[in-house]
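Could you walk me through this model in my viewer, one selection at a time? I would like to know what to click on next and what I will find there.

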Amino acid sequence: MRYVFFAIFTLITIGSSVAQSGMTDEMRDTQEQLNASTKQVNQFFRRFNGEESEEGRRYYANDKQYRDSNLRRKYMPVLFDTKTGQFSRQDLDGFVRQITDKKAPQFLDFHTDDWVAEVHATFRYRGKEVPGVLYMQLQQQGQGYEWIIDDVAFEVFKSKFDKDTTETKQFLHPMSHELEFMTLRKAFQNNQHDEQFTARDFQPDYLSIFLYEMNQGNMQFVTVKDVSFHFFAIEGYYFGVSYFNRVGYNSGWLISSLVALANEDEKKQMKDYIYDKD
C-alpha cells in the first residue's frame with residue numbers, strides 16, 4: 001500500500017512539475033509580450049516621454065529614471081511598427097536623435113500638443129450606410145478637457161461639389177442687378193452645381209453640412225470602424241500612430257508613419273492631405 005501511495009505521489013509530483021515548468025515558460029513569454037505591447041494611447045505618451053519602466057511601472061518627476069534619455073532611446077524601437085512600417089533610416093535616426101537630445105529633449109504633452117484623432121465611422125444617410133471620417137481634437141473645458149469634432153470628411157458630401165473653374169463656366173452677368181437679379185432663375189434652373197456662382201476661393205464646409213444632416217435626422221451614427229492618430233508636436237516632423245493587434249513583441253499603438261517636414265508649407269500640405277483637403 002505504501003508502495004502504491006509513493007508511486008502515485010511521485011507521478012503527481014513529476015507531472016505537476018512538468019506542467020508548472022511549461023506554464024511558467026509560456027506565462028513568462030506572454031508576460032514579456034504584454035510588457036512590450038503598447039496597449040493604450042496614454043501608455044504610448046508615457047513610453048515616448050520615458051515616464052514608464054520596461055516592466056510598465058510609472059516614473060514620476062521625483063524618480064531618477066524619469067524622462068531619462070537612455071531609457072527613451074531604448075523604448076523608441078518598441079514604439080515603431082517594425083513589421084510593416086516603411087521608414088527612411090535617415091528620418092528615423094534623426095527623429096530619435098532630436099527628441100532624446102540631452103540638451104534640448106522634446107516630449108509629447110497630451111493636453112496641449114498639436115495632435116488629432118482620425119475616427120473612421122459608419123453612418124446611415126438617407127436610408128443607406130455610408131463611411132465618414134471625424135477629426136477629433138482636445139480642447140480645454142472648465143477644469144478639464146474634452147474631445148471635439150474639428151472637421152469631417154464624407155465622400156457622399158464631397159461628390160456633390162464639382163466646381164467648374166473654366167473660362168466657359170456659367171456665370172451671373174455683371175449687369176444682373178439692373179434686372180433685380182432675375183437672372184438667378186435661369187442660373188438655378190436644372191443646375192446640379194450652383195457652387196460655380198460662388199467666389200473663386202470657395203470651399204464647402206463639410207462639418208456644417210454633417211451637423212445639419214445629423215440635426216435634421218437625415219444621418220445617424222452606426223459604429224466606429226477604425227481609429228488612428230496624427231502628431232505635429234515634434235518640430236520638423238509628422239508621425240502617425242495606429243493600433244496593431246498581432247502576436248509578438250511589436251504590437252499595440254505604434255508609430256506607423258514618419259515624415260520629415262522642411263517648413264510650414266510642407267506641414268500645411270501634410271495636414272491638408274490628412275484632412276482630405278487636397
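Start by colouring the chain by confidence: this is a predicted model, with a mean pLDDT of 88 for the protein chain, and 88% of its residues reach 70 or more. Then select residues 1–20, where the pLDDT is below 50. Beyond near neighbours in sequence, this stretch has zero contacts in the model. Where pLDDT is low, the predicted coordinates should not be read in detail, so feel free to hide that part for now.

**Helix H2**

Next, select residues 41–49, which form helix H2. Eight of the nine residues of H2 are buried, leaving the helix mostly covered. Phe 44, Phe 45 and Phe 48 are among the buried ones, and so are Arg 46 and Arg 47. Step on to Gly 50, which follows H2 and has a positive phi near 75°.

**Arg 67**

Now go to Arg 67, in the loop between H2 and helix H3 (69–79). Is this residue buried or exposed? Neither quite fits: its relative accessibility is 29%, so Arg 67 counts as partly exposed. Show its side chain together with that of Glu 51, and you will find a polar contact of 2.9 Å between the two. Contacts of Arg 67 outside its neighbours within four places in sequence also include Asn 49, Gly 50 and Phe 107. For a distance to try in the viewer, pick the C-alpha atoms of Arg 67 and Pro 105: they are 9.2 Å apart, with the two positions 38 residues apart in sequence numbering.

**Glu 118**

Move along to strand S1 (residues 115–125) and select Glu 118. This residue is buried yet has no salt bridge. How far away is the nearest side chain of opposite charge? That is Lys 158, 12 Å away. Look instead at His 230, whose side chain shares a polar contact of 2.5 Å with the side chain of Glu 118. Apart from neighbours within four places in sequence, the contacts of Glu 118 include Tyr 135, Asp 226, Ser 228 and Ile 274.

**The tyrosine pair**

From there, Tyr 135 makes a handy next stop, being one of the contacts of Glu 118. The structure holds 30 aromatic pairs. In one of them, the ring centres of Tyr 135 and Tyr 275 are 4.4 Å apart and the planes meet at 20°, so the pair is stacked. Tyr 135 sits in strand S2 (residues 128–141), while Tyr 275 belongs to the segment after helix H8 (264–274). The pair thus links distant parts of the chain, 140 residues apart. Both tyrosines are buried.

How values were computed:
Residues are numbered from 1 along each chain as its sequence is written. This is a predicted model: local features need pLDDT of at least 70, side-chain atom pairs count only at pLDDT 80 or more; totals for chains, interfaces and linings use all residues. Side-chain values use heavy atoms; hydrogens and water are left out. Helices (H or I, at least four residues) and strands (E, at least two) are DSSP runs, numbered from the N terminus. Buried means under 20% relative accessible area, exposed over 50%, partly exposed in between (1.4 Å probe, protein chains only). Lys and Arg count as positive and Asp and Glu as negative; His and the chain ends are not counted. A salt bridge is a side-chain nitrogen of Lys or Arg within 4 Å of a carboxyl oxygen of Asp or Glu. A polar contact is a pair of N or O atoms within 3.5 Å; within protein, one must be able to donate a hydrogen and the other to accept it, and residues adjacent in sequence count only if both atoms are side-chain atoms. Contact means heavy atoms within 4.5 Å. pLDDT is the predictor's confidence in each residue, from 0 to 100. Rings of Phe, Tyr and Trp (its six-membered ring) pair if their centres lie within 6.5 Å; planes under 30 degrees apart count as stacked, over 60 as edge-to-face and the rest as tilted.
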